[in-house]
Amino acid sequence: MKIDWLNFTPWPSLAGGLLIGLAAALFINLNGRVMGASSVIGGLFPPRGDAPLRLSFVAGLLAAPLLLGLFRAAAPPVFETNTLTLVVAGLLVGFGTRLGAGCTSGHGICGISRLSPRSIVATAVFMIAGIATVFLVRHIIGAPAAS
Amino acid sequence: MKNLIAFVIGLIFGAGLLISGMTQPEKIFGFLDIFGRWDPSLIFVMGGALMVAAIGFVAAGRRGKSLLGDPLSLPSKNEIDPRLLAGAAIFGVGWGLAGVCPAPAIVNLGFASAPAAIFAAAMLAGMAVYGVAQGRSADQ
């Protein structure tokens with residue numbers, strides 16, 4: 001295993017992680033809810049009575065780049081994936097997280113911190129599936145298709 | 001009031017995702033590429049998040065309700081069923097293809113980025129397809 005020291009960012013990643021954990025801790029303690037992005041967003045299809053709360057959370061996510069932008073700390077995402085792959089990947093992420101009842105935040109952060117066996121298994125499965133996919137794309141098929 | 005709290009929590013969550021690098025597909029690919037040049041940064045994201053979230057869940061669990069007096073809405077399912085495994089596997093493949101998971105997909109809509117918008121639109125479509133297929137379901 002070769003470590004990519006050039007791109008390794010332990011301190012910003014730890015700092016960001018602490019903020020993510022803080023948000024999850026606040027959500028369960030103030031709103032009584034588990035901070036799972038896919039479930040908060042996916043619960044809008046179809047909308048129910050708590051739609052305003054879900055949309056407020058989504059609005060907060062959308063406003064985050066604007067907030068960090070004030071401090072010139074928001075780096076736009078750099079995509080090198082072609083459009084077809086993005087569409088397929090988006091459909092898989094949307095459907096898969098709903099079928100599996102959670103994503104990186106719901107299972108990976110909240111579920112594991114509650115020691116939920118379902119979330120520990122789900123996190124292991126999506127990590128392994130992600131690792132296998134990147135292995136196939138980068139090392140078997142070759143260079144990722146760039147648009 | 002509860003909606004304002006949810007907005008601020010979304011804002012903190014989004015800021016954390018941006019600062020940690022979770023919104024950069026290359027950062028995700030670097031973490032998942034354990035057979036290439038591996039970037040272990042996301043372990044620090046998860047480690048930091050788990051430490052604080054675990055304290056929060058223990059505190060909330062002991063109290064048994066939220067500080068505003070609402071009951072805790074926790075997942076009730078315990079069984080590891082095929083739906084969980086299939087859903088996690090499908091999500092993992094999509095995550096490995098695009099390097100974006102649900103929350104960063106929404107955060108990245110805050111930038112004027114066409115690829116981010118395409119991914120987010122497809123993700124919401126995938127969620128809507130599930131919603132139509134399954135109707136309402138209570139989960140996390």
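**Exercise 1. Is Asp81(B) buried or exposed?**

Solution. This is a predicted model.
Step 1. Take the cut-off: a residue counts as buried under 20% relative accessible area.
Step 2. Read the value. Asp81(B) has a relative accessible area of 14%.
Step 3. Conclude. Asp81(B) is buried.
Step 4. Look for a partner. The side chains of Asp81(B) and Lys77(B) form a salt bridge, with 3.8 Å from N to O.
Step 5. Classify that partner. Lys77(B) has 38% relative accessibility and counts as partly exposed.

**Exercise 2. Trace the salt-bridge network that contains Asp50(A).**

Solution.
Step 1. Recall the principle. Side chains of opposite charge can pair when their charged atoms come close.
Step 2. Find one partner. Asp50(A) pairs with Arg33(A), and their closest N and O atoms are 2.6 Å apart.
Step 3. Place both ends. Asp50(A) sits in the loop between α2 (37-42) and α3 (51-70) of chain A, and Arg33(A) in the loop between α1 and α2 of chain A, so the bridge ties together parts that are 17 residues apart in sequence.
Step 4. Find another partner. Asp50(A) also forms a salt bridge with Arg54(A), at 3.0 Å from N to O.
Step 5. Check the setting of Arg54(A). Its relative accessible area is 8%, so Arg54(A) is buried.
Step 6. Join the pairs. Shared partners link Arg33(A), Asp50(A) and Arg54(A) into one network.
Step 7. Set this in context. The structure holds nine salt bridges over all chains.

**Exercise 3. Test whether the length of helix α1 of chain A fits its residue count.**

Solution.
Step 1. Count. Helix α1 of chain A covers residues 10-31, which is 22 residues.
Step 2. Predict. The rise is 1.5 Å a residue, so the helix should span 32 Å.
Step 3. Compare. The end C-alpha atoms are 31 Å apart, which agrees.
Step 4. Look just past the end. Gly32(A) follows α1(A) and takes a positive phi of about 70°.

**Exercise 4. Describe the contact between chain A and chain B.**

Solution.
Step 1. Count the residues. In chain A, 111 residues are in contact with 108 residues of chain B.
Step 2. Give the area. The two chains bury about 10,100 Å² between them, and carbon and sulfur atoms hold 75% of it.
Step 3. Name the main contributors on one side. Asn29(A), Leu99(A) and Arg118(A) lose the most area to chain B in chain A, together 7% of what that side buries.
Step 4. Add the charges. Four salt bridges run between chain A and chain B. The side chains of Arg138(A) and Asp33(B) meet in a salt bridge at 3.3 Å, N to O.

**Exercise 5. Which residues touch the most other members of the largest nonpolar core?**

Solution.
Step 1. Size the core. It has 66 residues.
Step 2. List the residues. They are Phe27(A), Met35(A), Phe57(A), Phe13(B), Leu17(B), Trp95(B) and Phe119(B).
Step 3. Find the main supplier. Helix α1 (residues 2-20) of chain B gives the most, with nine residues.
Step 4. Follow Trp95(B). Setting aside residues up to four places away in sequence, Trp95(B) touches residues of chain A including Val93(A), Phe126(A) and Met127(A). In chain B, its contacts include Ile28(B), Phe29(B) and Leu32(B).

**Exercise 6. Sketch the fold of chain B.**

Solution.
Step 1. Count the elements. Chain B has six helices and one strand.
Step 2. Order them. The pattern along the sequence is α-α-β-α-α-α-α.
Step 3. Give the extent. The C-alpha trace spans about 45 × 35 × 35 Å along its principal axes.
Step 4. Add burial. Of the 140 residues in chain B, 51% are buried.

Technical notes: Residues numbered from 1 in each chain as written. Chains lettered and ligands numbered in written order. Predicted model: local features only at pLDDT ≥ 70, side-chain atom pairs only at ≥ 80, totals over all residues. Heavy atoms only, no water. Core = buried A, V, L, I, M, F, W, Y, C linked by side-chain atoms within 4.5 Å. Buried < 20%, exposed > 50% of the residue type's maximum accessible area, 1.4 Å probe, protein only. Helix = DSSP H or I, 4+ residues; strand = E, 2+ residues; numbered from the N terminus. Contact = heavy atoms within 4.5 Å. Expected span 1.5 Å × (residues − 1). Buried area = accessible area lost by both parts, 1.4 Å probe.
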